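Student: I would like a close look at a single part of this protein, taken slowly and with its surroundings included. Please choose one strand and work outwards from there.

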Amino acid sequence: VSEESNNNESNDIGHKGIIFFSGTADSVKAVFEGKVEIAFPVGDCFAIIVNYGDYFITYINLDSPAVKPGDLIRQGQWMGNLPPGNKQIKLVITTRNNNEYDPYDWFRWSKEEESKRKY
């Protein structure tokens, strides 16, 4: 993903998260090593929830998942592509208790650093 942008407001599925924008219809790769818990449709696209120990990342806006529930995935592994004409992937990070986790903390970005990024 070539550019990042924070969307720390509730998105279309009612959760805070972060949106990564791409200059092309890119592939979506795993942030960390984990286990695919579920893949499900969201509108015309798909979402994948991956378990990373005590945390879960929901990847929203895949054209078609290349992984299935129960799959163990490696960091950087291809999980699917962005839909044609839509160049963004949404990530929502939660804990085992379904509490949302601030994406700034997860990716270790300060809000000040993010505000200086050029898009």
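Tutor: What follows is a close look at strand 9, and then at the residues and pairs around it. Please keep in mind throughout that this is a predicted model, and that every value below is computed from it.

To place the strand first, the protein chain comprises 2 helices and 9 strands, and from the N terminus on these elements follow the order β-β-β-β-β-β-β-β-β-α-α. Of the chain's 119 residues, 39% count as buried, while about 6900 Å² of the protein chain is exposed, with carbon and sulfur atoms supplying 46% of that area. Among contacts with a separation of 6 or more, 55% are made by residues 24 or more positions apart.

Strand 9 itself spans residues 88-95, and 8 of its 8 residues are buried. The cover extends to both of its faces: on one side Q88, K90, V92 and T94 are buried, and on the other I89, L91, I93 and T95 are buried as well. It may be worth noting, when you look at the side chains, that the face with Q88 and V92 also carries K90, a residue that is buried here along with the others.

The pairing of strand 9 with strand 6 comes next. Strand 6, residues 55-62, runs antiparallel to strand 9 and is joined to it by 6 bridges; I57 has I93 of strand 9 as its bridge partner. Also in strand 6 is N61, which counts as buried because its relative accessibility is 7%, below the 20% cut-off. The side chain of N61 reaches across to the backbone oxygen of Q88, at a distance of 2.6 Å. Leaving aside neighbours within four places in sequence, N61 is in contact with Q88 and I89 of the strand under discussion, and also with C45, F46, N81, L82, P83 and N86.

Just beyond the end of strand 9 lies R96, and here a charged pair enters the picture. D54 and R96 form a salt bridge in which the closest N and O atoms are 3.6 Å apart. This pair links distant parts of the chain, since D54 sits in the loop between strand 5 and strand 6 whereas R96 sits in the loop between strand 9 and helix 1 (103-107), 42 residues away. Both D54 and R96 are exposed, in contrast to the residues of strand 9, which are buried. The count of salt bridges comes to 2; in the other, the side chains of D71 and K68 meet at 3.1 Å, N to O, and K68 is exposed, at 51% relative accessibility.

One further pair completes this view, involving strand 5. The structure holds 1 aromatic pair: the ring centres of F32 and Y52 are 5.9 Å apart and the ring planes stand at 80°, so the arrangement is edge-to-face. Because F32 belongs to the loop between strand 3 (27-29) and strand 4 (34-42), and Y52 to strand 5 (residues 45-52), the pair ties together parts that are 20 residues apart in sequence. The two partners differ in cover, for F32 is partly exposed, with a relative accessible area of 32%, whereas Y52 is buried, with a relative accessible area of 9%.

Conventions. Residues are numbered from 1 along each chain as its sequence is written. This is a predicted model: local features need pLDDT of at least 70, side-chain atom pairs count only at pLDDT 80 or more; totals for chains, interfaces and linings use all residues. Side-chain values use heavy atoms; hydrogens and water are left out. Buried means under 20% relative accessible area, exposed over 50%, partly exposed in between (1.4 Å probe, protein chains only). Helices (H or I, at least four residues) and strands (E, at least two) are DSSP runs, numbered from the N terminus. Two strands pair if DSSP finds at least two bridges between them. Contact means heavy atoms within 4.5 Å. Accessible areas come from the Shrake-Rupley method with a 1.4 Å probe; for residues, only the protein chains shown count as cover. Rings of Phe, Tyr and Trp (its six-membered ring) pair if their centres lie within 6.5 Å; planes under 30 degrees apart count as stacked, over 60 as edge-to-face and the rest as tilted. A polar contact is a pair of N or O atoms within 3.5 Å; within protein, one must be able to donate a hydrogen and the other to accept it, and residues adjacent in sequence count only if both atoms are side-chain atoms. A salt bridge is a side-chain nitrogen of Lys or Arg within 4 Å of a carboxyl oxygen of Asp or Glu.
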